[in-house]
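Biologist: Before we go through the labels attached to this model, please set each value against its cut-off, and let the conclusion follow from that.

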Amino acid sequence: MDTKQKQFRFLNWVERAGNRLPDPSFLFISLTFLTILASAIAAYFNLTVTYEGFNEETETIETITTSVNNLLSLDGFHYMVTHIIDNFTGFFPLGTVFTVIIGVSITEGTGMLSVLLRQIVSKTPKALISGMVVFLGILSNVASSTGYIVLLPLGAIIFLVSKRHPVAGLAAAYAGVSGGWTANLLIGSNDPLYAGISTQAANILDPNYIVQPTGNWFFMIVSTVMVTLIGTYITDNIVEPKLTTYSFSSTDTIETITDNEKKGLRWAGFTFFIYILLIGIMTVPENGILRDPETGSLIESPFMTGIIVFIMLMFLLPGIAYGVGEGSITNTHDITKLMSDGISGISNFLVLIFWAAQFTAFFEYSNLGTIISVNGAQLLTNIGFTGLPLLLLFIIVAALTNIIMPVDTAKWAMMAPIFIPMFLQVGLSPESTQIAYRVGDSVTNVITPLMPFFPMIIAYFQKYDKKAGIGSVISTMLPYSVAFLIGWIILLSAWYLLGLPLGPGAPVTT
């Protein structure tokens, strides 16, 4: 038995084991009850942790003592019964997905999306399609989490119209968007958040140290190339060959574009150009009305805060223009129907996300994730490693922590005041600590069921494979997770040994 057959046997075992778990909705229900029970047991033993943490409200480092909130206590019971609706309506993926689907449903329902992707695929060499999808997934991170909503379904459709398995396209996009969270050619909306938290943590020992948003930029640029190459290889040589044969329909072909479709594309193109021009007028000038009115910043601005709405309009307006030009939209009722059809297509996702939201909220309220993470951090401090071995061990700790606590910036706000001062004392720069954390946080994004967007990923998989479950997603994405971890460990080791700067003015060691 060769190595590839052994890999497939192991991944098939993971898939079977995972799919034997209950339906995803009932799995989250089970995890919710388990959290309730665990909080009661932990409270009975008075589990607490004390650590130096970053208070996001006061933007200062404080000594924080955290104890378990017992969900079976009277206060815990009151919390549960009074927050169930708020947990659902306030769950981040719900609003973002619902908003973007309103726009995407128009471009998809009119046929514009299919025609546009047929154009792209017909002119893209087959060998480059996987790499293109992974690369676009990485770039989408500049707008935070929007890639999950926009690019994942597009990745599947791109593969579909090129006569390749749509689940492979979905996996490639997911690998780029989520697994490539630490890579990008541009500075994104999360980079200033990381830098601000890291600066506060560094100031515990050095009041004058400033971590810039560009502190990991050079490493991120090289990581973009690495993640694209690894993601392409895994998609083409491991993920797609493992998938069962997909039954393509007569509509899943690259057909000749009709005159009406060409007319619709011209109308859509003109509308898109006008829309982008207006956005440019409101964002490019230093006094643009969508910039921060006080600082003039674009990264922290109304534009970035409202990016989901602007993305929705980017699909909605050209989609309507296409439909009118092509003839599929003749009145306002057609527009409303297309939106309704799009929303009805995510009904299973809405049911799943209701229960996922309860588990996530109850787990956060219990403080179990904080207690587990801080105890893991204290264990790491007692091992006695320094230099590169310490950085690599921290990657593993961050990766494992991410499985149970996958909200990246909130987790960094808790971990940075612990690790940055500790690592500074052994000669590692705050930027090094930050990038090691971000690498670990990225590599397990694609396999943790607790990630807020995971229910949506399952729903996407089930669109093309009705039998898909949690095991299907994890077994498909596990090769990416392992390969990215190995690739980043090698890259960071080389970076450290060569003493290369992680970004402008950001050394590896102090």
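Biologist: Why does aspartate 191 count as buried or exposed, whichever it is?

Modeller: This is a predicted model, in which local features need pLDDT of at least 70 and side-chain atom pairs count only at pLDDT 80 or more, while totals for chains, interfaces and linings use all residues. Residues are numbered from 1 along each chain as its sequence is written, and side-chain values use heavy atoms, with hydrogens and water left out. Buried means under 20% relative accessible area, exposed over 50%, and partly exposed in between, with a 1.4 Å probe and protein chains only. Aspartate 191 has 4% relative accessibility, so it counts as buried.

Biologist: What makes the pairing of arginine 438 with aspartate 191 a salt bridge?

Modeller: The term requires a side-chain nitrogen of Lys or Arg within 4 Å of a carboxyl oxygen of Asp or Glu, and here the closest N and O atoms are 3.0 Å apart. The pair links distant parts of the chain, with arginine 438 in helix α19 (residues 430-443) and aspartate 191 in helix α9 (residues 191-202), 247 residues apart; helices are DSSP runs (H or I, at least four residues), numbered from the N terminus. Arginine 438 is buried, with a relative accessible area of 4%.

Biologist: How do you know that aspartate 236 and arginine 164 tie together separate parts of the sequence?

Modeller: Their side chains meet in a salt bridge at 2.8 Å, N to O. Aspartate 236 lies in helix α10 (residues 217-242) and arginine 164 in the loop between α7 (146-161) and α8 (166-179), so the bridge ties together parts that are 72 residues apart in sequence. Aspartate 236 is partly exposed at 28% relative accessible area, whereas arginine 164 is buried at 6%. Arg164, Asp236 and Glu240 are linked in a network of salt bridges, and the structure holds 5 salt bridges.

Biologist: Why are lysine 337 and aspartate 341 said to be separated by about one helical turn?

Modeller: They are 4 residues apart in helix α14 (residues 332-344), which means a separation of about one helical turn. The closest N and O atoms of their salt bridge are 2.9 Å apart, and aspartate 341, with a relative accessible area of 40%, is partly exposed.

Biologist: Why is the pair of tyrosine 79 and tyrosine 365 called stacked or edge-to-face, whichever applies?

Modeller: Rings of Phe, Tyr and Trp (its six-membered ring) pair if their centres lie within 6.5 Å, and planes under 30 degrees apart count as stacked, over 60 as edge-to-face and the rest as tilted. The rings of tyrosine 79 and tyrosine 365 have centres 4.0 Å apart and planes at 10 degrees, so the pair is stacked. Tyrosine 79 is in helix α3 (residues 74-89) and tyrosine 365 in helix α15 (residues 347-366), 286 residues apart.

Biologist: What makes phenylalanine 354 and tryptophan 355 an aromatic pair, and of which kind?

Modeller: Their centres are 4.9 Å apart with 90 degrees between the planes, and the pair is edge-to-face. Phenylalanine 354 counts as partly exposed at 24% relative accessibility, and tryptophan 355 counts as partly exposed at 31%. A search of the whole structure finds 19 aromatic pairs.

Biologist: How do you know whether isoleucine 281 is buried or exposed?

Modeller: Isoleucine 281 has a relative accessible area of 51%, and therefore it is exposed. This residue is found in helix α11 (residues 259-283).

Notes: Helix = DSSP H or I, 4+ residues; strand = E, 2+ residues; numbered from the N terminus.
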